[in-house]
Amino acid sequence: MYNFDLKLPTSKKTPGINPIYGIVIHHTAGGSFASNMRYLSSSPKQASVHFVIGENGEAGKIGDPKDILWHAGNGSRGKTPNVNYNMLGIEVVGFGNPNQKQYDKLTDLVKYLIKTFPSISKENIVRHSDVTQAKEFTSKKILRDGQRRVIKRDIGPKFFPEGFETWRENLFK
C-alpha cells in the first residue's frame with residue numbers, strides 16, 4: 001500500500017475500467033499541490049489525473065487507478081487511439097523545473113505502480129508530449145502568477161539528468 005498525503009474522490013470519470021497499460025507524466029505550469037488536487041478532482045472542466053506530486057514531494061491520489069480520467073486530451077500512442085482509456089496520469093506540480101524531492105517521489109511512485117500493475121510496459125511510460133503533438137505551449141499561452149511569467153513546458157531533460165529513456169529503463173531493474 002502506498003502512503004499518499006492526500007486522497008480525493010472524483011466524479012470526473014468516464015464509465016468503464018482502465019486496464020492500465022502505461023503511465024503519462026505531465027508537468028503543470030503552476031499552482032500549489034492543494035490547488036491542483038482540488039482542480040483536478042472537482043473543477044467543471046473535463047480534466048483530471050490519477051496522481052499529483054507537489055513541490056515538497058507530497059503525493060496525492062484522485063479517484064481510483066482503474067477510473068478512466070481525462071489527462072491527455074485526445075492523445076494517442078501507437079495503436080491506442082485515446083490513452084485516457086488505458087494509461088494512468090501523473091501530474092508534477094510547479095513553476096520551474098521539478099526539484100529533487102519531486103524526482104525522487106515520481107521515481108518511487110512509478111516503481112510502486114509497476115509492481116502493483118504488472119500490465120504496465122516500459123515502452124508505455126511516457127511524457128505528455130509523447131502522446132500529443134505539443135512539445136511546448138506557444139508564447140500566447142503564457143500563464144501568470146504574480147510577477148512571474150511562465151510558459152508550460154514538457155517534463156524533460158532538466159528533470160531527468162540521465163535522460164528520460166535511461167530513467168525509464170532503470171525503473172525495471
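**A six-stranded sheet and its cores**

Ile25 has Ile90, in β5, as its bridge partner. That pair is a handy way into this model, which is a predicted one. Next along, His26 is bridged to Glu91, again in β5. Altogether, six bridges tie β2 to β5, and the two strands run parallel. On the β6 side, Ile25 sits opposite Arg127; here β2 and β6 pair over three bridges, also in the parallel sense.

Zooming out, the protein chain comes to four helices and eight strands. Read from the N terminus, the elements go β-β-α-β-β-β-α-β-α-β-β-α. Buried residues account for 47% of the 173 residues in the chain. As for contacts with a separation of 6 or more, 74% of them link residues 24 or more positions apart.

Six of the strands make up an open sheet, ordered β1-β4-β3-β5-β2-β6, with mixed pairing. β1 and β6 stand at the edges with a single partner strand each, so one side of each has no neighbour in the sheet. Ignoring direction, neighbouring strands are turned by 20° against each other on average. Helix α1 packs on this sheet, where it touches β1, β3, β4 (59-62) and β5, and its direction makes about 10° with that of β4.

Back to β2, which is mostly covered: six of its six residues are buried. Gly22, Val24 and His26 point one way from the strand, while Ile23, Ile25 and His27 point the other way. Residues on either side of β2 are buried, then, whichever way they point.

The largest nonpolar core holds 25 residues, and those touching the most other members are Ile90, Leu106, Val110, Leu113, Ile120, Ile125 and Trp167. At least two residues of this core come from each of β2 (22-27), β3 (51-53), β5 (87-92), α2 (100-116) and α4 (164-170). The largest share belongs to α2, which puts in six residues. A second core, separate from that one, has seven residues, among them Met37, Leu40, Val49 and Val93.

Ile90 shows how these pieces meet. With neighbours within four places in sequence left aside, Ile90 is in contact with Ile23, Val24, Ile25 and His26, with Val49, Phe51 and Ile53, and with Leu106, Leu109, Val110 and Leu113. Its bridge partner Ile25 is thus on the contact list too.

What about α2 itself? The helix has 17 residues, which at 1.5 Å a residue should span 24 Å; the end C-alpha atoms are indeed 24 Å apart, so expectation and model agree. At the N-terminal end, Asn99 acts as the cap, with a side-chain oxygen 3.0 Å from the backbone nitrogen of Lys101. Buried residues in α2 are Gln102, Tyr103, Leu106, Thr107, Leu109, Val110, Leu113 and Ile114. These pack against β2, β3, β5, β6 (125-127) and α4. Of the buried set, Leu106, Leu109, Val110 and Leu113 also turn up among the contacts of Ile90.

Two polar residues elsewhere are worth a look. Asn36 lies in helix α1, which covers residues 33-42. With a relative accessible area of 9%, Asn36 falls under the 20% cut-off and therefore counts as buried. Beyond four places in sequence, Asn36 is in contact with Thr28, Gly30, Gly31, Val52 and Val93. One of these, Val93, is listed in the second nonpolar core.

Lys13 is found in the loop between β1 (6-8) and β2. Its relative accessible area is 40%, which is over the 20% limit for buried but not over the 50% needed for exposed, so Lys13 is partly exposed. Leaving out neighbours within four places in sequence, Lys13 is in contact with Asp67, Ile68 and Leu69. The C-alpha atom of Lys13 is also separated by 8.5 Å from that of Gly63, although the two are 50 residues apart along the chain.

Notes:
Residues are numbered from 1 along each chain as its sequence is written. This is a predicted model: local features need pLDDT of at least 70, side-chain atom pairs count only at pLDDT 80 or more; totals for chains, interfaces and linings use all residues. Side-chain values use heavy atoms; hydrogens and water are left out. A nonpolar core is a set of buried Ala, Val, Leu, Ile, Met, Phe, Trp, Tyr and Cys residues joined through side-chain atoms within 4.5 Å. Buried means under 20% relative accessible area, exposed over 50%, partly exposed in between (1.4 Å probe, protein chains only). Contact means heavy atoms within 4.5 Å. The expected span of a helix is 1.5 Å times one less than its number of residues. A polar contact is a pair of N or O atoms within 3.5 Å; within protein, one must be able to donate a hydrogen and the other to accept it, and residues adjacent in sequence count only if both atoms are side-chain atoms. Two strands pair if DSSP finds at least two bridges between them. Axes are lines fitted to C-alpha atoms, for helices over the stretch in contact, and angles run from 0 to 180 degrees between N-to-C directions.
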